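Thanks for coming, everyone. I'll put the structure up, and then we'll walk through it together.

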Amino acid sequence: MRRIFICFFLLSILADDALHRLGASALSFSANANIASVDQIRTAMSLTTKGQFNITAAQSAVSTWSSILEGGSDITSTMQSQIRILCHSLYASSLSRIGNDQEALRIYNVALSLHNADSLEENAAIDIYIGRGEAHQRLMKYSTAREDFLTALKLIQGKGNLQGKRAKILQSAVICCLRQGDLSGAVLLLSDIFEGKSDLASIDSDIVGLYGAIRFELELRGHNFEGGVELSYGPLELLEHAATSNNISPVYQWFHAVAEKRSLNMFDIVNGDNEKFLQLAALNSPFDNPELLNLDDKILLHDMLNTKHRESNWPKGYVLPRDERLLQNHFEKYGESNWMVKERAGYGSHGNTIAKTQEALEISAQVKDSRSVLCQKLIEPSLLFNKRKFSIRVYVVYFNNGKEIVAYLLNIGLAKLAEEEYGEGLTSDETYMTNSGRIEGDSMTQYGLHDLQHYMDEQHGSKAYQTMWTSVKDSVSIVIKAFSDSIHASNQNDFSLFSTIPKILGFDYI
């Protein structure tokens, strides 16, 4: 599932064997290490493990690792180099868990800088490159992410006990190619795994399906692929093998059905089973149209929608530092305002900052064009729900039928409340940020849309919710139309196996 305005990708966690290695070595300090220091590391390790499933624990892990590794503590001088490297890896994985991939990259780089080629245990290096690759991937730096995954693959070569990881890392590298529209590059990566294989039984079924789908797509587009290995199996046979394997992703069963019928009639393929259709749409499939970057990237989305006939449904905003002069003009005309400054690839409201106009201008002076940020004006006075700011999450199912994008707005969704009550002049994260990925426990409050409807109609009149919902429908229509136009402009509306997968998009409104 994709979330527009706030992107969603799976969070990175360090492999369990890295935790095990650190646990086994944790007592290997110099004689100067004290028991309190060792206990502090054990606490950080425990929080990292718990943080895989609990965001509050992950935040505590980040704080603890920061204190140990960057707080001027003497403990780092007593660590063996291997332990320092692994501690930094765990620190970086916790940063990624709370959504701070930019900072995680810095710590991963520190971990790599702490070793030379001879001193770093290869298993630890594999974990670091995988973690850094996933962080790059979530930040939509696909070329760099692919290089990290390929480096991890090279380190795994010849290690029989790690071959289970190989398929997952290879898939990650291939997905980076697909995100960039590089089908030939994806096939070249996958071809190596088939070399010397006389049958498909020894190859991971997901890899077989991935390879078959990409080869089928290349044939559809009339590409004569050169390179790779010769196989006695055609794309349809590869898809059939994957579709009939045990524990395979339903996406390959879908692809096989579509490839056989050469049909884009979605509901015929699922025999009218709407539940099955929605389950397929909910898959986080690797087969995305590269044009979806226009929805994932907040700055590209802003530029796509920031036109005269769409601007009434889109917040006033500026891309910094590109539009710094325009923001300065706004300040000179209107004075101070409240803004939300967003990283282009943030998700779950991570990477978002509440800022006054002057603060936003200071941020602009610090960022470079290669790391532009989006600065959007907050709408005030705020509509409140139980005295708190709130956002609503709505869901849209869409697919491309080869001629146009067909989309359905679901009438289910969430109203998510900020952690603290709103008051005039308050600009803290606790009063503005509403995403449930940042808050857990009693402070996290979210309701269904029917609860919001009841509250709005009771507080603001019987038609209040319907008026709001009409605006949401208009906004969704505008986004989907703009996205459809962008695909049409790049000639992506032809029959495509990849585009036949229905997608669930998440739209957030504040």
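Where is the place of G185? Look at helix α10, residues 183-194; G185 sits there. One caution before I go on: this is a predicted model.

Is G185 buried or exposed? The relative accessibility is 14%, and buried means under 20%, so G185 counts as buried. Now look at A173. In sequence, A173 and G185 are twelve residues apart. In space, their C-alpha atoms are 9.9 Å apart.

Next, the nonpolar cores. The largest one has 82 residues. Which residues have the most contacts inside it? They are W65, I214, F255 and F287. Let's take I214 from that group. Setting aside neighbours within four places in sequence, I214 is in contact with V174, L178, L183, A186, V187, L190, F287 and F498. Note F287 in that list: F287 is also among the residues with the most contacts inside the core. There is another core, apart from this one. That core has 34 residues, and F390, V394, I405 and A482 are among them.

Now to charge. Side chains of opposite charge can pair when their charged atoms come close. How many salt bridges does the count come to? The count is 15. I'll show you three of them.

Start with R106 and E70. Their side chains meet in a salt bridge, at 2.7 Å from N to O. R106 lies in helix α6, residues 101-113. E70 lies in helix α3, residues 55-70. The two are 36 residues apart in sequence, so the pair ties those parts together. How accessible are the partners? R106 is partly exposed, at 36% relative accessibility. E70 is partly exposed too, with a relative accessible area of 38%.

Second pair: D148 and R132. Here the side chains meet at 2.8 Å, N to O, again in a salt bridge. Which parts of the chain does the pair link? D148 is in helix α8, residues 142-156, and R132 is in helix α7, residues 122-138. The two residues are 16 apart, and the pair links distant parts of the chain. D148 has 3% relative accessibility, so D148 counts as buried. R132 counts as buried as well, at 16%.

Stay on D148 for a moment. Its side chain also makes a polar contact with the side chain of H136, at 3.0 Å. What else does D148 touch, not counting residues up to four places away in sequence? The list is Y129, R132, G133 and H136. So R132 and H136 both come up in that list.

Third pair: R393 and D508. The salt bridge between these side chains is 2.2 Å, N to O. This time we are in strands. R393 lies in strand β7, residues 388-400, and D508 lies in strand β10, residues 503-509. The pair ties together parts that are 115 residues apart in sequence. Are these two residues buried or exposed? R393 counts as buried, at 2% relative accessibility. D508 is buried, with a relative accessible area of 7%.

One last item on charge. Salt bridges that share partners join E70, E103 and R106 into one network. You met E70 and R106 a moment ago, as the pair at 2.7 Å.

That's my tour. Back to G185 in helix α10 if anyone wants another look.

Methods. Residues are numbered from 1 along each chain as its sequence is written. This is a predicted model: local features need pLDDT of at least 70, side-chain atom pairs count only at pLDDT 80 or more; totals for chains, interfaces and linings use all residues. Side-chain values use heavy atoms; hydrogens and water are left out. A nonpolar core is a set of buried Ala, Val, Leu, Ile, Met, Phe, Trp, Tyr and Cys residues joined through side-chain atoms within 4.5 Å. Buried means under 20% relative accessible area, exposed over 50%, partly exposed in between (1.4 Å probe, protein chains only). Contact means heavy atoms within 4.5 Å. Helices (H or I, at least four residues) and strands (E, at least two) are DSSP runs, numbered from the N terminus. A salt bridge is a side-chain nitrogen of Lys or Arg within 4 Å of a carboxyl oxygen of Asp or Glu. A polar contact is a pair of N or O atoms within 3.5 Å; within protein, one must be able to donate a hydrogen and the other to accept it, and residues adjacent in sequence count only if both atoms are side-chain atoms.
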